[in-house]
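Thanks, everyone, for making time this morning. I would like to walk you through one structure, taking its charged pairs and then its nonpolar interior, so please have the sequence and the model open as I talk.

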Amino acid sequence: MKASNLTYIITVPVSAIIGLITEFASNESGWIVSLLSALFLLSLGLATALRETTEMISLEVDENSKRNKSNKIYNLFTKIAASNNMIFTKYSSELIEKTTSVLESASNGRLVLDRESINTLPMQLASNVSSELFAISIWIGGEEALGKGVDSYTKKLYDAANRSENPVSVKRLFIVKNSDLKDEVLHKRMRRDIEKGNVDVKLMSVDQWISGTEELQNPVDFGVWDSELVWTYTTSHLSEELGDQAVLLMGESNVQRFRKRFLINFNHASRISEI
């Protein structure tokens, strides 16, 4: 309880009671009115203190609730350990260690994505991109790479790039093997991006890649979203499949490192008309 509230509770009624005594001494007929006034002022002071005390208790309850939630994992693990079941205890301990490691990595701007996130997060990114996307696409040849139509993810990007107000600037750089430079399926895909998606598209061969830091010595599939996030696969450019390993990066140094590498290579790459 605040000292000011205590002062209010004490001083206001006391001053009123002093006034009551003075009034009673000078005019006996007015003592009832003065008494009621004093009691009214006393009730105001008590009501104010009670309200603020209630607010303080409510805040304390909220803090206790937060502390209980933060201790929930510890309490659950303690309960599991108390069961003396070695399998449950060992598995739970490993799970906590893994989760802690993931959270520590995320706090440093690096989040390793699981299969579910790899399948769902691109749609969320495409739905929320607001200004620009710089994307490196490792080309895997064949008709299946073109697809029968525009998939939902690509359509989201096309829509964002074609909207009348604040269109998103999308630049895509295809990285291909030398043997695929004149691949007609690749050229169809590039033309579709240009005509339907308003995408600025270029391509280059693997051996034309201008390397950067260790993680970008060789071309990798990645996207820089709104200069805020980087999505990158960790699979080698020689692999025929992207696999399950993908990472989400944030932070100025991470974003600028990938953004700079993209622009250097994009400016060095060729347009479809130049092939």
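Glu 132 is buried, because its relative accessible area is 14%, and the cut-off for that word is under 20%. I should say at once that this is a predicted model, so please hear every value as computed from predicted coordinates. Now, which residue does Glu 132 pair with in a salt bridge? The partner is Arg 259, and the closest N and O atoms of the two are 3.1 Å apart. What this pair does along the chain is link distant parts of it, since Glu 132 sits in strand 2 while Arg 259 belongs to helix 9, which covers residues 252-268, and the two are 127 residues apart.

That is one salt bridge, and a search of the whole structure finds eight. Let me turn to another, in which the side chains of Lys 155 and Asp 159 meet with an N to O distance of 3.1 Å. Here the two residues are four apart in helix 7, and therefore about one helical turn separates them. As for their surroundings, Lys 155 is partly exposed at a relative accessible area of 46%, and Asp 159 also counts as partly exposed, with 43%.

Next, please find Arg 271 and Asp 200, whose side chains form a salt bridge at 2.6 Å, N to O. This pair, too, links distant parts of the chain, with Arg 271 in the segment after helix 9 and Asp 200 in strand 4, 71 residues apart. Arg 271 is partly exposed, with 34% relative accessible area, and Asp 200 is partly exposed as well, with a value of 21%. There is a third participant here, because salt bridges with shared partners join Lys 171, Asp 200 and Arg 271 into one network.

Let me move on to the nonpolar interior. The largest nonpolar core has 28 residues, and the members that touch the most others are Leu 113, Phe 174, Leu 186, Trp 225 and Trp 231. Several helices and strands each supply at least two residues of this core, among them helix 5 (115-128), helix 7 (152-162), helix 8 (184-197), strand 2 (132-138) and strand 4 (200-205). Apart from this core lies another, of 19 residues, including Trp 209, Phe 258, Phe 266 and Ala 269.

To bring the two topics together, strand 2, where Glu 132 is found, is also one of the elements that contribute to the largest core. I am happy to take questions.

Note on methods: Residues are numbered from 1 along each chain as its sequence is written. This is a predicted model: local features need pLDDT of at least 70, side-chain atom pairs count only at pLDDT 80 or more; totals for chains, interfaces and linings use all residues. Side-chain values use heavy atoms; hydrogens and water are left out. A nonpolar core is a set of buried Ala, Val, Leu, Ile, Met, Phe, Trp, Tyr and Cys residues joined through side-chain atoms within 4.5 Å. Buried means under 20% relative accessible area, exposed over 50%, partly exposed in between (1.4 Å probe, protein chains only). A salt bridge is a side-chain nitrogen of Lys or Arg within 4 Å of a carboxyl oxygen of Asp or Glu.
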